[in-house]
Amino acid sequence: MTTATPFDPSADDVRALGEATAAIVARHFAALRDLPVVPAVTPAETFRRFAEPVPEDPTAWPALLELFEREVVPRSFHLPSPRYFGLMNPTPLPIAVFAEALAAALNQNVGAWHHSPAATAIEAATVRWLCEIVGYPATAFGSLTNGGSLANTTGLKIALAAKVPASTTEGLFGLPHRPVCYASAEAHFSIEKSANILGLGTRALRKVPVDRDARMDVAALRRMVAADRAAGLAPFCVVGIAGVTSNGVIEPLDAIADAAAEFGLWYHVDAAYGAGGLMSERLRPRYKGIERADSVTVDPHKWWYMPYPCGAILTRDGDAGRRAFLAQAVYIPETADAIEFRDHGLAGSRPFSALKLWLAMKLVGRRAYGLHAETQVDLTQRFAAELTKTGDWEMVTPVDTAIAAVRFVGATGARAHGRTGPDTDAVQDRIVARVLAGRTHWISPTTTAGKRAIRVMVISYLTRWEHLAELIAALRAAAAEEHAP
Ligand SMILES: Cc1ncc(COP(=O)(O)O)c(C=O)c1O
């Protein structure tokens, strides 16, 4: 059944469209275990396929859904596959997938309380759950963002407003001392982008050296802050990382908190990925010190298995966000005792992203999320142990979360000859390229702790040991080609 006009949908039409769409989602989830991760596409063919004139005449929705399954799905990269060992893109939970449709149906604007009463209250409640998981007091608060990058930018803006209040009204012009901030050399690129767009300049981000495990060298941080102060600069913030992008390691959060307190710096922790591990009683001690942070980035579209977008910025002082962003809007009615989320961040019109997270957290529960995080960390440790047991592979950094950074050194090759130069670096890239050419698995190259490495992350809740065992076989086969005549 189809409507004569999309602007006059009947309840039956809406139901039929929804049921047909749900059937596609169900088929897709069922197919995920067998689909190759990497589609057989080229940019030229893909752009050509979708370069069409503006549609002048209508097409019935059954034909459009058929078009989606026939043309879009096969040209998609299957991030939700259990064989995707890639960047921090999870398999979304089905409840969160359908929550997106429910949220869109209500189309609440969560920038203004009176346009989103339940949605505002649900975002507030969900953000408070995240604050509790971080270990914050009841006075903490925050808001959802478009992702971890925007959460980091928001966090650094809040830091600047708190430590250099004049920057909010006067900008950075005329400040007697240039504000500078600190993060490890392995920090996510969004920290550098934040320094850029906040007008600090990328050179105001001081990159602190890391130790051999790729964790911030806190003694070096102390030396850098002291030297910058002596040189007339104004250090205002330090960023610690819980789950470094390249290797998943958790920095010494407590020791960084000590240094931040000693120098009076704002302490921001980028736990975009790692925060999920805080739901596990067993993993939680690794994060000691995160509760001392002034602000924390959490990205539920990573370890909470949310579809995009769903990030969050949390602040220990629950009003810090409002102080950094508040601006008058005479055309929006205010309600006493309400929360106006547009005042807590950059966005005006805001989606009801909290619905998917709220429903998923209720459906799964903190305990099961935590146990699942443990399972993934255990799988990653088993993978690293199994791959490295023959001595021809080495771990580059420890496995703190569900990411392993490994490197092929060859049974009689690089390690025996002590080689770590460009040749052995190129070997890692060639191995990754061979595995990707197989299309069945996805892994990525990175450089961490000064070494070229291969990054393997367990991020799909569908991943089982058998998938990792297959990957080990693929890595070994790809490495064996290095010795082929
Ligand atoms: C440590 C860390 N912070 C921030 C981000 C940025 O998150 P998003 O991609 O959601 O902007 C990432 C992304 O991988 C990350 O690894």
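# Exercises on a predicted model

The structure is a predicted model. In it, domain 2 and domain 3 bury about 2,300 Å² between them, 55% of which comes from carbon and sulfur atoms.

**Exercise 1.** Describe the contact between domain 2 and domain 3, starting from the domain bounds.

*Solution.*
1. The domain assignment of the chain places domain 1 at 11-36 + 39-76, domain 2 at 102-365 and domain 3 at 367-480.
2. Taken over C-alpha atoms, the centres of domain 2 and domain 3 are 30 Å apart.
3. Domain 2 brings 31 residues to the contact and domain 3 brings 28 residues.
4. The count of salt bridges between these two domains is 3.
5. Polar contacts join 18 residue pairs across the interface, with both residues at pLDDT 80 or more.
6. On the side of domain 2 that touches domain 3, the residues comprise 15 nonpolar, 8 polar and 8 charged.

**Exercise 2.** Which atoms define the salt bridge of Arg-215 and Asp-400, and at what distance? Then examine the backbone of Ala-214.

*Solution.*
1. The side chains of Arg-215 and Asp-400 meet N to O at 2.5 Å.
2. A salt bridge requires such a pair within 4 Å, and Arg-215 and Asp-400 are listed as one.
3. Ala-214 lies in the loop between β3 (205-208) and α9 (218-230).
4. Phi of Ala-214 is near 70°, which is positive although the residue is not glycine.

**Exercise 3.** Classify the ring pair of Phe-77 and Trp-442 and locate its two members.

*Solution.*
1. The structure contains 9 aromatic pairs.
2. For Phe-77 and Trp-442 the ring centres are 5.8 Å apart and the planes stand at 85°, so the pair is edge-to-face.
3. Phe-77 belongs to the loop between α3 (61-72) and α4 (94-106), and Trp-442 to the loop between α14 (422-437) and β10 (444-448).
4. The pair therefore links distant parts of the chain, 365 residues apart, and is edge-to-face.

**Exercise 4.** How many salt bridges does the structure hold? Place the one between Arg-83 and Glu-470 along the chain.

*Solution.*
1. The structure holds 37 salt bridges.
2. In the salt bridge of Arg-83 with Glu-470, the closest N and O atoms are 2.8 Å apart.
3. Arg-83 sits in the loop between α3 and α4, while Glu-470 is in helix α15 (residues 465-480).
4. These distant parts of the chain are 387 residues apart.

**Exercise 5.** Is the peptide bond from Tyr-308 to Pro-309 cis or trans?

*Solution.*
1. Omega of this bond is near -10°.
2. The peptide bond from Tyr-308 to Pro-309 is cis.
3. Pro-309 is in the loop between β6 (295-298) and β7 (311-315).

Notes
Residues numbered from 1 in each chain as written. Heavy atoms only, no water. Domains from an automatic or database assignment. Contact = heavy atoms within 4.5 Å. Buried area = accessible area lost by both parts, 1.4 Å probe. Polar contact = N/O pair within 3.5 Å; in protein donor to acceptor, adjacent residues only side chain to side chain. Nonpolar A, V, L, I, M, F, W, Y, C, P; charged D, E, K, R; others polar. Phe/Tyr/Trp six-rings, centres within 6.5 Å; stacked < 30°, edge-to-face > 60°. Helix = DSSP H or I, 4+ residues; strand = E, 2+ residues; numbered from the N terminus.
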